[in-house]
Amino acid sequence: MVGVVQNRLGGKFYWLTFWGIFLTIYLVQALPAAAADFYRYQGGIKGEKEYAEVLYLTGEPVLLQGTVQETTGPSRDGKTTSRVTFTLENKEKAIKLNRSLSFITEIEKNGRQEVNTTRLERFSETITVGQDRYALQDFQFSRSELLDHQPAVVYQSGNWTARKVYSVNNDLAKVTVETWGHTVGYRHAWGSTETSQEEGTVFFSGKVAIDKENFISTTWSSSFHQDLSYHRSRYLEYQANEPLAISFPGGYVENTRTTETLHYRGNFPDLENGLLASSRWLRKEGSYELKSLPSKKWLRVANLADIRGHWAEADIRQLYGLGALGEEGDYFRPALPFFRGQFARALVAVLDLPLPAGQSGWSPLPGTGGLPSPSRGFPGQPGQIGSPFTRPNFTGQAGQPYGQPVWSGQSPLTYGRPGQPALPQEKPLFADVATTDPAYKYYQAVYEAGVMTGTGPGLFGPTEPLTRAEALVILVRALGLKGLAPAGYVRTPFRDDWDIPAWARTAVYVANKIGLIQGDEYGFLKPNETLTRAEAAVFLNRFIHYLQEEMTADYRERVLNFN
């Protein structure tokens with residue numbers, strides 16, 4: 001025997017709409033978090049069409065390449081069944097592999113957390129190596145993952161063990177492959193990363209054919225280690241236009257790309273025709289990488305006269321392109337304050353937060369001229385965002401008692417077609433924001449996601465300027481990383497540490513610890529200063545950069561090079 005193996009308004013329409021939305025949400029939520037990633041359970045990587053994994057069972061690492069197909073059924077009773085089919089080969093080594101696996105994943109949810117436990121239901125695998133045939137007789141598999149759904153990020157950590165027992169040439173020999181490992185990862189609007197570290201052993205025991213009549217008994221073993229990285233990145237790059245006579249000199253292009261890498265190393269026996277040639281170990285290692293072709297999408301181009309040459313021009317243009325600023329007109333007014341309502345709108349775009357059901361499309365916030373300055377009591381005049389007023393002393397609309405506070409532009413009942421009963425108006429989440437406010441959906445989105453909680457009971461405060469400390473609290477809350485701070489009073493390295501409000505101290509500590517913020521050139525944070533519009537653009541771009549770069553490095557480079 002030759003041993004080888006490598007490297008979502010009425011009547012019928014209402015009910016149809018309701019059930020359409022219900023079924024859509026149900027089916028989407030029914031799928032497990034990693035419904036399209038079951039191929040990873042075999043330690044392989046995948047590109048747009050190609051799949052690759054390293055096979056170890058013949059005593060040497062051999063790279064197999066081919067295709068993988070995955071199907072996942074709807075969730076029933078908290079369980080999901082998935083099937084994965086592999087067709088692989090290595091022509092140089094005359095190795096072919098056909099494998100079909102069915103997994104059942106049980107999903108247990110508890111608040112933000114979710115535990116996915118996967119077990120093997122059915123298996124079939126046959127490997128031919130030249131004239132030799134390996135048939136998978138037994139496959140034991142157990143995998144469990146914890147997912148923590150934070151407002152902006154979903155974190156995951158998991159472990160698995162597996163054992164495969166192969167019969168070689170109709171029980172002439174037996175090969176046992178055991179693997180175990182750990183995986184950590186995250187996913188958010190700007191990418192996802194999963195890093196897996198796997199250990200494994202191979203044990204061969206049985207007879208090796210020297211010729212048709214002569215067999216020799218032998219045993220050998222090997223050990224290996226695999227590092228796997230699965231990374232999806234979303235990044236912006238500036239594309240300049242060369243012609244002079246063009247309405248815009250350039251703009252930002254959004255790119256999305258997936259990269260998967262595999263690195264292995266291990267100690268393998270010195271084999272010759274399936275028999276030990278010596279007692280020495282052979283140290284072998286290798287790497288393989290698969291990259292998808294980047295997808296590209298042009299962003300909207302800002303035509304704002306007062307940002308040309310501004311120190312924050314690039315950041316403003318990027319945020320504008322993403323729809324995070326919602327500006328219309330020719331001026332940005334970078335030195336004016338940035339308001340909480342505007343920050344909420346920006347966060348929806350930056351974090352790709354889902355809008356409430358029935359709310360879709362791009363609806364800009366007014367510019368700085370449309371947002372009133374804060375004042376005592378309720379801000380602004382009738383018609384302004386977030387401003388209520390008291391109707392004059394007459395009987396209100398639809399029997400509304402006079403003197404009743406009613407929101408500008410909002411009637412207490414919404415009427416359908418003539419003859420149809422009135423539908424009750426949605427109850428607002430906040431006392432200072434009308435449900436008819438064009439920006440209400442954004443405030444609702446950040447509130448329901450747990451990113452922004454308001455300025456007091458029942459108040460959102462959309463027209464209040466945003467301070468640095470408030471912004472940091474919001475972003476750390478979105479990341480779900482408050483727990484990185486030690487219990488009790490914490491100090492920060494900033495020279496104005498005493499100015500940090502007690503309610504923001506933990507968030508500032510965490511933001512500094514993960515590298516999200518730094519002080520100015522003199523070491524001051526200035527936590528109670530209002531963010532200008534330009535500073536807010538830079539601040540949000542720094543947050544995006546953290547999601548793109550620092551978080552990736554923490555989960556990939558730091559983990560894989562930790563030892």
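A residue counts as exposed when its relative accessible area is over 50%, as buried when that figure is under 20%, and as partly exposed in between. With these cut-offs in hand, the model described here, which is a predicted one, can be explored from its surface loops inward.

A good place to begin is the loop between β8 and β9, where N170 is found. N170 has a relative accessibility of 74%, and therefore counts as exposed. Its backbone also deserves a look, since phi of N170 is positive, near 55°, in a residue other than glycine. N169 lies in the loop between β8 and β9 as well. N169 is not a glycine either, yet its phi is positive at about 50°. With a relative accessibility of 22%, N169 counts as partly exposed, because the range for that class begins where the buried one, under 20%, ends.

Another loop, between α5 and α6, holds P493. The relative accessibility of P493 is 59%, so P493 counts as exposed. Between P493 and L525 there are 9.5 Å from C-alpha to C-alpha, while the two stand 32 residues apart in sequence.

Turning to the interior, nonpolar side chains tend to be buried together in soluble globular proteins. In this model, the largest nonpolar core comprises 79 residues. F343, L347, L351, V451 and L479 are the members with the most contacts inside this core. Two or more residues each are given to the core by β9 (173-188) and by the helices α2 (313-321), α3 (340-351), α4 (440-449), α5 (468-479), α6 (505-513) and α7 (533-555). The largest share, 11 residues, comes from α7. For L347, leaving aside residues up to four places away in sequence, the contacts are D352, L353, V446, V451, M452, I474, L475 and L540. Apart from this core lies another one, of 46 residues, which includes F38, L55, V62 and F139.

Helix α3 merits a paragraph of its own. At 1.5 Å a residue, its 12 residues should span 16 Å, and the C-alpha atoms at its ends are indeed 16 Å apart, so the two values agree. Of the 12 residues of α3, 12 are buried, which means that the helix is largely enclosed by the rest of the structure. Among these buried residues are R340, Q342 and R345, as well as F343, L347 and L351. An α-helix has 3.6 residues a turn, so residues three or four places apart point the same way. The cover over the buried residues of α3 includes α2, α4, α5 and α7. After α3 comes D352, with a positive phi near 55°.

Empty space is a further part of the picture, and rolling a probe the size of a water molecule over the atoms shows where such space is left. The largest cavity holds about 330 Å³ of space. It is lined by 26 residues, of which Q42, K164, V177, T179 and E198 are the closest to its centre. At least two lining residues come from each of the strands β2 (51-55), β7 (132-149), β8 (154-168), β9, β10 (191-209) and β11 (215-240). The strand that gives the most to this lining is β8, with 5 residues. By type, the lining divides into 13 nonpolar, 5 polar and 8 charged residues. Strand β9 thus appears twice in this account, as a contributor to the largest nonpolar core and to the lining of the largest cavity.

Definitions and conventions:
Residues are numbered from 1 along each chain as its sequence is written. This is a predicted model: local features need pLDDT of at least 70, side-chain atom pairs count only at pLDDT 80 or more; totals for chains, interfaces and linings use all residues. Side-chain values use heavy atoms; hydrogens and water are left out. A nonpolar core is a set of buried Ala, Val, Leu, Ile, Met, Phe, Trp, Tyr and Cys residues joined through side-chain atoms within 4.5 Å. Buried means under 20% relative accessible area, exposed over 50%, partly exposed in between (1.4 Å probe, protein chains only). Helices (H or I, at least four residues) and strands (E, at least two) are DSSP runs, numbered from the N terminus. Contact means heavy atoms within 4.5 Å. On a 1 Å grid over the protein atoms alone, a cavity is a set of points where a 1.4 Å probe fits but cannot get out, and a pocket is an open set with protein on both sides within 12 Å along at least five of seven lines; lining residues have an atom within 4 Å of a point. Grid points are joined across faces, edges and corners, and a volume is the space filled by probe spheres set on the points. Ala, Val, Leu, Ile, Met, Phe, Trp, Tyr, Cys and Pro count as nonpolar, Asp, Glu, Lys and Arg as charged, and the others, Gly among them, as polar. The expected span of a helix is 1.5 Å times one less than its number of residues.
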